[in-house]
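Let's take a friendly walk around one helix and its surroundings. Keep the structure open beside you as you read.

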Amino acid sequence: MAMLDEKDRLILETIRKNKALDLKNIREIVWKESEEDQLADLNIGERITKLYLKEYIRKAPNYEGYHVTRKGKKVLDQVYSG
């Protein structure tokens, strides 16, 4: 399983903490939590698409937002366990 970079980890962790979030709310939270020097190359929409295609997140129609899948949780757990 591929490791995440710091920005992907931040997006996944944001979604996991806040449950089902739409793209607008994910952007707002991640932008607030990012350092000023990270903002230039932080393309949240592109990163969300990549995480979705890797099946780390899924959009739940009944919640109208993204949530972390089991696969995504496993990747996050690997990041924190080292």
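The buried residues of helix α3 pack against α1 (6-18), α2 (23-33), β1 (57-60) and β2 (65-68) in this predicted model. Helix α3 itself covers residues 44-53, and its buried residues are Ile44, Gly45, Arg47, Ile48 and Leu51. Seen down the axis of α3, these buried residues fall within an arc of 160 degrees, so they line one face of the helix. Turn to the other side of α3 and you will find Glu46 and Leu53, which are exposed.

Now to one of those partners, α1. Two packed helices are described by the angle between their axes and the distance between the axes. For α1 and α3, the angle is about 75 degrees and the axes are 10 Å apart. Angles of 65 to 115 degrees count as roughly perpendicular, and α1 and α3 are therefore roughly perpendicular to each other. On the α1 side, the contact involves Lys7, Asp8, Ile11, Leu12 and Ile15, which meet Ile44, Arg47, Ile48, Lys50 and Leu51 in α3. The residues of this contact divide into 6 nonpolar, no polar and 4 charged.

The loops deserve a look too. Most residues other than glycine have a negative phi. Here are two residues with a positive value:

| Residue | Loop | Phi |
|---|---|---|
| Lys19 | between α1 and α2 | near 60 degrees |
| Glu55 | between α3 and β1 | near 65 degrees |

Is Lys19 buried or exposed? With a relative accessibility of 59%, Lys19 counts as exposed, since the cut-off for exposed is over 50%. Glu55, for its part, comes just after α3.

Note on methods: Residues are numbered from 1 along each chain as its sequence is written. This is a predicted model: local features need pLDDT of at least 70, side-chain atom pairs count only at pLDDT 80 or more; totals for chains, interfaces and linings use all residues. Side-chain values use heavy atoms; hydrogens and water are left out. Buried means under 20% relative accessible area, exposed over 50%, partly exposed in between (1.4 Å probe, protein chains only). Helices (H or I, at least four residues) and strands (E, at least two) are DSSP runs, numbered from the N terminus. The arc is that of the directions from the helix axis to the C-beta atoms. Contact means heavy atoms within 4.5 Å. Axes are lines fitted to C-alpha atoms, for helices over the stretch in contact, and angles run from 0 to 180 degrees between N-to-C directions. Angles under 35 degrees count as roughly parallel, over 145 as roughly antiparallel, 65 to 115 as roughly perpendicular and the rest as oblique. Ala, Val, Leu, Ile, Met, Phe, Trp, Tyr, Cys and Pro count as nonpolar, Asp, Glu, Lys and Arg as charged, and the others, Gly among them, as polar.
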